[in-house]
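Open the model in your viewer and set it to a cartoon display. The stops below say what to select next and what is there.

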Amino acid sequence: MNRIKVLFLTNAFPDYDNKNRGVFNLRSAILLSQHVELFIINLRAWYPGRPIKYKYEIEGLTVNVFSFPLLFISKKKIFALQLFIYKRIFYRQWKKYLTDISVVHSVGAGFSGIVGSYIAKKKKIKHISQCIGTDINVTIPAIKSCIGIKNWEKNVNVFACNSNKLNEKIKFLYPENEAITIYRGVDLGKFIPNGTRQTDSICFTFLGGLAFRPEFGKGRDYKGGITLLKAWLIFWKGLSPELANKVKLNFGGPDVNKRLVEEIIGDEPINYNIDVIGVVPKDSVVDLYQKTNVVIIP
């Protein structure tokens, strides 16, 4: 029996240069591929030297990449106009490869969802749009009424949200659409506190990173990492020397490195008991949290 063929559209997916980029999307694609046939297309912004089309293999999956000029800027009307052009160029480039697609599964409603909605409309097929907090709280509210974007939700059959709170927000934005909550599959049992740690020192951990996201007007403070570092300096300087030696901040996540942290705080991180740990492999997160007193969630 032939399996349903699904167009898996995403604008974040791991590759050989960045294996942590969009890792959640890789995991969901691996699981989905056990039940349906996936045609994965990673939507990228073009820059000189990057091919318009290419493909690569990762974790047994074939990933097709399409790139076209797209500037992620805070001026939403211009961003919306770019998406309007992007989705039309995309369809012309990939139309012949999508003849047997039955369902569009877009990951990231604010970019892939707009493109996926256009494909679903053209091909008259079902569309599942997967949303995250940035899509629902920032991108969609800003562009939903823009020319070329307005009414895109009419070609979305189901919005999938990774929390009940986001589900409520999407229903507020689009009350006529169906929305369901589908968790990302994190085993919360691994992260249950194992009792109060009786220690002489207090260790704080932040894994939100310093990823540069200009389209939201926050730059590298997208997850609050810069705000945290500045707050830490105020906090640390206000402590007595004895107490200052008993507090520590593990600072990690995407794009975190010692040079960048030094640039933000204007000094050596070690002088403020900041341990720059960079990207932490997923299998090491539990062990790190077990050695932490306070986890700071962005």
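Select T205. Not counting neighbours within four places in sequence, T205 is in contact (heavy atoms within 4.5 Å) with N250, L288, Y289, T292, V294, V295 and I296. T205 sits in strand β9, residues 202-206. Helices (H or I, at least four residues) and strands (E, at least two) are DSSP runs, numbered from the N terminus. The relative accessible area of T205 is 0%, so T205 is buried. Buried means under 20% relative accessible area, exposed means over 50%, and partly exposed is in between, with a 1.4 Å probe and protein chains only. Now add N293 to the selection. From C-alpha to C-alpha, T205 and N293 are 8.1 Å apart in space, while 88 residues separate them in sequence.

Before the next stop, note what kind of model this is. It is a predicted model, in which local features need pLDDT of at least 70 and side-chain atom pairs count only at pLDDT 80 or more, whereas totals for chains, interfaces and linings use all residues. Residues are numbered from 1 along each chain as its sequence is written, and side-chain values use heavy atoms, with hydrogens and water left out.

**The loop between β10 and α8**

Select D255. It is in the loop between β10 (247-252) and α8 (258-265). Is D255 buried or exposed, or in between? D255 has a relative accessible area of 39%, so it counts as partly exposed. Its phi is near 70°, which is a positive value in a residue other than glycine. Show the contacts of D255, leaving aside neighbours within four places in sequence: they are L210, A211, F212, R220 and L260. For R220, the C-alpha to C-alpha distance to D255 is 9.1 Å, and the two are 35 residues apart in sequence.

Stay in this loop and select G253, which also lies between β10 and α8. G253 has a relative accessible area of 5% and is therefore buried. Beyond its neighbours within four places in sequence, G253 is in contact with L207, G209, G278 and V279. For a long view, add K5: G253 and K5 are 248 residues apart in sequence and 35 Å apart in space, C-alpha to C-alpha.

Next, select N273, in the loop between α8 and β11 (274-278). N273 is not a glycine, yet its phi is positive, at about 55°.

**The nonpolar cores**

In soluble globular proteins, nonpolar side chains tend to be buried together. A nonpolar core here is a set of buried Ala, Val, Leu, Ile, Met, Phe, Trp, Tyr and Cys residues joined through side-chain atoms within 4.5 Å. Select L7, I41, L43, F90, I119, W152 and I170: these have the most contacts inside the largest nonpolar core, which has 41 residues. The elements that give two or more residues to this core are β1 (5-10), β2 (37-45), α2 (76-94), α3 (109-123), α4 (133-143), β7 (158-161) and α5 (164-173). Another core, of 19 residues, lies apart from this one; I226, V247, V256 and I265 are among its members.

Go back to W152 and show what is around it. Which residues is W152 in contact with, leaving aside its neighbours within four places in sequence? They are A109, G113, I114, S117, S129, I140, F159 and Y174.

**Two buried strand residues**

Select H127, which is in strand β6 (residues 126-131). H127 counts as buried because its relative accessibility is 0%. Outside its neighbours within four places in sequence, H127 is in contact with V104, S106, G113, G116, S117, A120, N155, V156, N157 and V158.

Then select N64, in strand β4 (residues 61-68). Its relative accessible area is 6%, so N64 is buried. Not counting residues up to four places away in sequence, N64 touches F39, I40, I41, N42, Y54, K55 and W94.

**The whole chain**

Clear the selection and zoom out. How many helices and strands does the protein have? There are 9 helices and 12 strands. The radius of gyration of the protein, taken over C-alpha atoms, is 21 Å, close to the 19 Å that the globule rule (2.2 Å times the number of residues to the power 0.38) gives for 298 residues, so the protein is as compact as a globular protein of that length. Along its principal axes, the C-alpha trace spans about 70 × 40 × 40 Å. Buried residues make up 42% of the 298 residues.
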